[in-house]
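Student: I'd like to go through the labels on this one and ask what backs each of them. Can we take them in turn?

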Amino acid sequence: DIPNVDWIIQFDPPDDPKEYIHRVGRAARGAKGTGRALLFLIPSELKFLQYLRKAKVTVNEYEFPAKKIANVQSQMEDLVQKNYYLNRSARDAYRSYLMAYSS
């Protein structure tokens, strides 16, 4: 486990809801014993909430109007491209992501 984790933020749900619960558990097992999780879902991923509810995970849903959501993808790409440390971290994270799904 990683100490002092307050938030788990995910932009895509894992294939297995148990994996999500395990990841989010890291926040609960942190130094304070409390933590929060935020999962962003697109409309085609909303069925994932059914799996979480079935596993008795407390879920609070929030909907955001499309006009209120900023598309910051290109700005993030520029920032990561220009900042060595962010670029390196992004590459390492992507490599880990691929390795997790290949095993």
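Tutor: Sure, starting with the strands: β1 (residues 7-10) and β2 (residues 36-39) run parallel, joined by four bridges. Bear in mind that this is a predicted model, where local features need pLDDT of at least 70, side-chain atom pairs count only at pLDDT 80 or more, and totals for chains, interfaces and linings use all residues. Residues are numbered from 1 along each chain as its sequence is written, and side-chain values use heavy atoms, with hydrogens and water left out.

Student: What makes β1 and β2 a pair?

Tutor: Pairing takes at least two bridges found by DSSP, and these strands have four, so they pair. Within the pair, Trp7 sits opposite Arg36 of β2.

Student: Why is Gln10 called buried?

Tutor: Buried means under 20% relative accessible area, exposed over 50%, partly exposed in between (1.4 Å probe, protein chains only). Gln10 has 6%, so it is buried. On β1, Ile8 and Gln10 point to one face and are buried, while Trp7 and Ile9 point to the other and are not.

Student: And why is Gln50 called exposed?

Tutor: Gln50, in helix α2 (residues 48-54), has a relative accessible area of 54%, so it counts as exposed.

Student: Why are α3 and α4 called roughly perpendicular?

Tutor: Helix α3 (residues 73-82) and helix α4 (residues 84-102) pack at about 105°, with axes 5 Å apart. Angles under 35 degrees count as roughly parallel, over 145 as roughly antiparallel, 65 to 115 as roughly perpendicular and the rest as oblique, so α3 is roughly perpendicular to α4.

Notes:
Helices (H or I, at least four residues) and strands (E, at least two) are DSSP runs, numbered from the N terminus. Axes are lines fitted to C-alpha atoms, for helices over the stretch in contact, and angles run from 0 to 180 degrees between N-to-C directions.
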